[in-house]
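Me: Can you take me through the aromatic contacts and one helix pair in this one?

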Amino acid sequence: MTQRRFWAVLVGLGLALGLWARAEATDPAVMEAAKKEGKVVWYSSLGLSLAQKVCDAFNKKTLGITCELARDGSQRIFQKVMQEASAGLAIADVVHTSDISHYLDFQQKGMLMRYLPAGANTFPSDFRDRDGLYTILRGTPYVIGYNTQKVAPADAPKRWRDLADPRWKGKLVHAHPGYSGVVMTGMLGLLPVLGGWDYYAALAKNNPLVVQSAEDPPMKLSGGEAWVGATGEYNLYREVKKGNPVAIVFPEEGLPFVTSANAILSKAPHPNAAKVFTDFLFDKDAQQILADDGLYVPNGAVAYPKDKRPLKELKLLRVDPEEMQKRDDEVKKKFRELFGV
């Protein structure tokens, strides 16, 4: 399926199913059943403080439903959900990770409930649902960051290939695709643009500091442990807003766009509460919390911080979910071979 056809199908499904989702979400019977269930368990790869803020905002609505958060990295959440399913355990209700290929695996195993949040038919194409089984909760471009106290703007990398320059040897930080869905997506988006694995082989020669989460490189840059690195724009943006010595570069070759999905599990122990919570995640209040923190979101009613670059101004590289699923093991294996971790 071509990329254009892929998105066209998503748009059609969103339009076809959006009214049904809104009707069910507002059904008093759903809310009443959700109150009897009493809670919703949310597995999320959002940063801990932000995920908890979202959970707390839901709890403040005093709907008679409590949000219980379990936060971890995308790959660990995926492994946990799969392990629980294999053991016949139904613990999580709603799952959110930054590796969209996870949802193809979930779908193929019949693990997802068909449900669209209220208003899904109005979302931009980059955030559309796939088959009504998951919805893109947030997105961030994959970019370069640098420490402004160590690197002058004129000397900062301008292109992805600049990170392979020997002058960054021992000064580069890179997160691990075996832990971070953001990094997995970023690497897959760059491979065809940069000519395959030769680029990462050159990068490995610079002896980068390899960390786990996409949240780690900005902290290493802020502290001066590394001078340059690659990660999600959102992660760097948060450090900039804190006043830390970090700057963001939007490389001219393009930016892989990391889309992070959210879905209800088919065996969710609190299915009605999961629907109510999912609608909340995509309504204006919750989406504004994410946008205020620096994320791009599907709800068009939110206002972005003035210092955020509009998505339409960026050269985004789309990463196909099927390609991610097919090459997941390859990327992890090759990264271990090249970087030794």
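Reply: Ring pairs come next, then charges over rings, then the helix contact. This is a predicted model, where local features need pLDDT of at least 70, side-chain atom pairs count only at pLDDT 80 or more, and totals for chains, interfaces and linings use all residues. Residues are numbered from 1 along each chain as its sequence is written, and side-chain values use heavy atoms, with hydrogens and water left out.

Me: How many aromatic pairs does a search of the whole structure find?
Reply: The search finds 13, counting rings of Phe, Tyr and Trp (its six-membered ring) with centres within 6.5 Å.

Me: Why is the pair of Phe335 and Phe339 stacked?
Reply: Their ring centres are 4.2 Å apart and the planes are at 20°, so the pair is stacked; planes under 30 degrees apart count as stacked, over 60 as edge-to-face and the rest as tilted.

Me: Is Phe335 buried or exposed?
Reply: Phe335 is buried, and Phe339 is too (under 20% relative accessible area, 1.4 Å probe, protein chains only).

Me: Which residues form one aromatic cluster?
Reply: Trp42, Phe58, Phe277 and Phe280.

Me: Switching topic: which charged end sits over the ring of Tyr43?
Reply: That of Lys80, 4.7 Å from the ring centre. The term needs NZ of Lys or CZ of Arg within 6 Å of the ring centre and within 35 degrees of the ring normal.

Me: And over the ring of Tyr237, which one?
Reply: Lys308 has its charged end there, 4.7 Å from the centre.

Definitions and conventions: Buried < 20%, exposed > 50% of the residue type's maximum accessible area, 1.4 Å probe, protein only.
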